Each structure stands twice: as structure tokens, then as C-alpha cells.
Amino acid sequence: MPTDVRSITGALAALLSGILAAVALTSPARMRWPVTEPQSKIDQWISSQPTSVVVGAIVAVGACVYLQHRGSRRRAWAFVYTGVVVLILIRFLVAEEVGLDLLSVLGFAKTIAAGLILGAALSPHRGTAASVVPC
């Protein structure tokens, strides 16, 4: 059986994209932000984080199903690129002092971007020999 470099490269990219998405989805909240809110509000915000992870997981399933039904490898790469750009923008936006409301919106945006990346990483390789994880 000849080695198909394109399949191997795609599988490696899918694996690395999945790892990036998993880290973005499950990264714990850090207390290094310059937030000027009372500790009780910060604790309440941290306890609401699982909701955004669930939204990201739903987006991942939706993106995977969409790309399996109507997508192509180009659309999957567009999802990955879009998600990575959103994650980079969020990283730079959180660097400055923000309130918890904006931090909540950015948290949901982060998990939605991670869901897009994860769904796109899983979808194009379903049923191929280089399959990493089936959708």
C-alpha cells in the first residue's frame, strides 16, 4: 500500500487542530486578569464557565455534521482558519483591563471558535484510512 503524503499531512493537521480546540475548550479560568470586580462576581463568573464549554461542544457537533453533509476540505480549512483568528484576537483583547461582561462574551466566542476548529478537524477524515477520530 503506497503512502499518501496528503492523507498523512491532513491527518496530522486534524490531530493538531483537535488538540488546539481541546485546549481552548477546556482551559481553566486564570486569575491573572486585571479585573476590577468584587470576588463574589468573579466566583459567579467562574462557576458559569461550563455553559460556554457546552455551547462549544454543540458547535463542534454542528460543524462536523454540516461539513460531512455539505462541506469540503476547503470549507473545513476555512472553519479552522476562522477559529484560529478568533482565538488570536481574543488573546489580544483579554490582555487589557476588561469587565466580566466582556470577559463572558469573549469566553463564549472562544468556545465557539474552538468548536468550529474541533468540528472541522474531525469531519474531513471520517471513513478514510488516515482517520484520527470519527465524528
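Buried means under 20% relative accessible area, exposed means over 50%, and partly exposed lies in between, with a 1.4 Å probe and protein chains only. Keep that at hand for these exercises. The model is predicted, so local features need pLDDT of at least 70 and side-chain atom pairs count only at pLDDT 80 or more, while totals for chains, interfaces and linings use all residues. Residues are numbered from 1 along each chain as its sequence is written, and side-chain values use heavy atoms, with hydrogens and water left out.

**Exercise 1. Describe the overall make-up of the chain.**

Step 1: Count the elements, where helices (H or I, at least four residues) and strands (E, at least two) are DSSP runs numbered from the N terminus. The chain has five helices and zero strands.

Step 2: Write the order along the sequence, which is α-α-α-α-α.

Step 3: Look at burial: 30% of the 135 residues are buried.

**Exercise 2. Check the length of helix 4 and find its two faces.**

Step 1: The expected span is 1.5 Å times one less than the number of residues. Helix 4 (residues 73-93) has 21 residues and should therefore span 30 Å; its end C-alpha atoms are 30 Å apart, which agrees.

Step 2: List the buried residues of helix 4: Ala76, Val80, Gly83, Leu87 and Ile90. They lie on the same side of helix 4, because they cover an arc of only 95° around the axis. That arc is taken from the directions from the helix axis to the C-beta atoms.

Step 3: Recall a rule of thumb. An α-helix has 3.6 residues a turn, so residues three or four places apart point the same way.

Step 4: Turn to the face away from the buried side, where Arg74, Tyr81, Leu89 and Phe92 are exposed.

**Exercise 3. Is Arg91 buried or exposed?**

Step 1: Place Arg91 in helix 4.

Step 2: Compare with the cut-offs: Arg91 has 59% relative accessibility, so Arg91 counts as exposed.

Step 3: Add a distance: the C-alpha atoms of Arg91 and Leu106 are 9.3 Å apart, although 15 residues separate the two along the chain.

**Exercise 4. Which kind of aromatic pair do Tyr66 and Phe79 form?**

Step 1: Rings of Phe, Tyr and Trp (its six-membered ring) pair if their centres lie within 6.5 Å; planes under 30 degrees apart count as stacked, over 60 as edge-to-face and the rest as tilted. This rule gives two aromatic pairs.

Step 2: Tyr66 and Phe79 are stacked, with 6.2 Å from centre to centre and 10° between the planes.

Step 3: Locate the partners: Tyr66 is in helix 3 (residues 49-70) and Phe79 in helix 4, 13 residues apart.

Step 4: Tyr66 counts as partly exposed because its relative accessibility is 34%.
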